[in-house]
Amino acid sequence: MKQIRTQDRSARAAVGLILAAALVAVSPGYGYGQTSPDARYFEPMSATPIQDTVSRAREYEVGVNDLLDISILKPEEIRSTLTVAVAPDGAITVPYIGNVQANGRTLPVIQDEVQKRLADGYVEFPVVSVSLRQTRSKKFTVYGQVVHPGAYPAEEHMPLLNAITVAGGLIVPGSKGQVKLLRPHPEGGEVEILETDISDILMGAHQDVHVLSGDSIVVTVARFFVYGQIARPGAYPVEENMSILHAITVAGGFVESGATGRIKLLRRQGAKEEFEVLESDITAILEGAHQDIYVLPFDTIVVSVDKFFLYGEVNRPGMYPLEKTTTPLTAIAMAGGFVQSGATGRIKLLRSNTQGEEFHILESNVSAMLDGTSQEMAIHPGDTLVVSADRYFVSGDVVRPGAYPVEENMTLLHAVSASGGFIESDATGSVKLLRQGDSNEDFQIIDSDITAILSGAHRDVKVLPGDSIVVSVDKFFVYGEVNRPGMYPLSKTTTPLTAIAMAGGFTKFGSASHVKLLRMNEKLGMYDTKSVNIKDVISGYSKADSLLHSGDVVVVSESAF
């Protein structure tokens, strides 16, 4: 095409206005880029040290979707800037000169073509600048322990630290570990690697190493391991100047605050199977000991909390963590307290000796423990506390015969009530308390009757461990033509009429006028017989009825008709 030069300022200004009017809007959210990135490569680590890995520069090659700024710098009167995107076919569109191929070309090559084609009949002596506004075709990837792993645009002169920051930074700020930069060789050779410490990057090292398109950055955080009696055992990132207490805190702290125990730090010695072991106790660590010992990558921390064991008459027997202030009484409280509040009993402390045999260290009674007069028991790791309640025994005519804990100042009536009370609330009978004397064959016997006990008698008699209480309720018997013949408890108000009612009443053959009351004559050893006409009793003749005695027998005969 023949070059046509503009002859006056007005013509050149018109062209400039047309170019300015052709500025296209860039999609919202496009950032501002820089000029072409430095494209230097690393040699493999096996071949060269880190400081020699910057070499072999090359120009940035534009790709599809990249944003370019095309600026007309001269003539001054038409100075303007046009932002264009590289189309999928690899071209950019410039007003008046049409499509210009950009994909795969460097920025200077694109700049020369735009400038030459504008000068070819449109603008006299144009000066054009083409720069990269934002790269969308050139990306690098970040993997590993960063907040947002993924692919990101490769900007010009982007140091390693900036690339990690773009990915959100480290998951745990201040972590120690390694950063690897993997770069494919431009001629298809082996992948080139730069490897360095995270701490070096954070301190500003390797600022001359720039991330290029196609690079992969792998961030590997160094970890330590925590096992044992802590809230969250597992692996955690090692941080700068991390103390043992800091490491345990990161893992959630001890399972039981205030517990005593041991802490071991195991550190492997090179490639050997041997470990350097630092051992301390939890109390010392909490008080600030070993703050000058820092956790290193691959260290293992093992936390062992001291335990004691509790068995017997407590609500939750089992194993519990030992604290500095644990006493037998607080230990029992940790186990939910005594099964029976107020019960008396014994507490034994068992401790293993060096041969592993258990032996009795100290014994105390529960009462002394509760009133504070026996607090000298000191619990050590591995101790066993056995809580045994004092018991008494109830048999006979009570609701729940059995063994029961002895409580402080327990009376006979209290002891019977604990077993559910008498089977009949208004029954008569006897109550015996048997207490073994100094000799196994001797018994002290307290004999009373139910009525006296209910009236408050023997309230000065206290039930002691090992006592046996035997309750015998008075009985009477009903036979003959009643619905439920049998034996029944006797009350103070039982008569033949109420006795027959308790036995379910007469059968259809029973005769109300033929009822006999049999009562044992102790002197003669035989029954005395008395006739009772129940019809007279029902008619209101009260003298025909009488109170029954223990052992009486009521017999209902069959009607003659």
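This passage describes two open sheets in a predicted model.

Local features rest on pLDDT of at least 70, side-chain atom pairs count only at pLDDT 80 or more, and totals for chains, interfaces and linings use all residues. Residues are numbered from 1 along each chain as its sequence is written, and side-chain values use heavy atoms, with hydrogens and water left out.

One open sheet holds five strands in the order β7-β6-β10-β8-β9. Strands here are DSSP runs (E, at least two residues), numbered from the N terminus. Two strands count as paired if DSSP finds at least two bridges between them. The pairing in this sheet is mixed. β7 (150-153) and β9 (192-197) are the edge strands; each has a single partner strand, so one side of each lacks a neighbour in the sheet. Neighbouring strands are turned by 20 degrees against each other on average, direction ignored. Axes are lines fitted to C-alpha atoms. Within the sheet, β8 (residues 177-183) and β10 (residues 216-221) run antiparallel and are joined by six bridges. Opposite K180 stands V218 in β10.

Another open sheet also has mixed pairing, and its five strands follow the order β12-β11-β15-β13-β14. Its edges are β12 (234-237) and β14 (275-281); each pairs with a single strand, so one side of each is left without a neighbour in the sheet. The average turn between neighbouring strands of this sheet is 20 degrees, direction ignored. β11 (residues 223-228) pairs with β15 (residues 300-305) in the parallel sense, over four bridges. The bridge partner of F225 in β15 is T300.

How values were computed: Axes fitted to C-alpha atoms, helices over the stretch in contact; angles between N-to-C directions.
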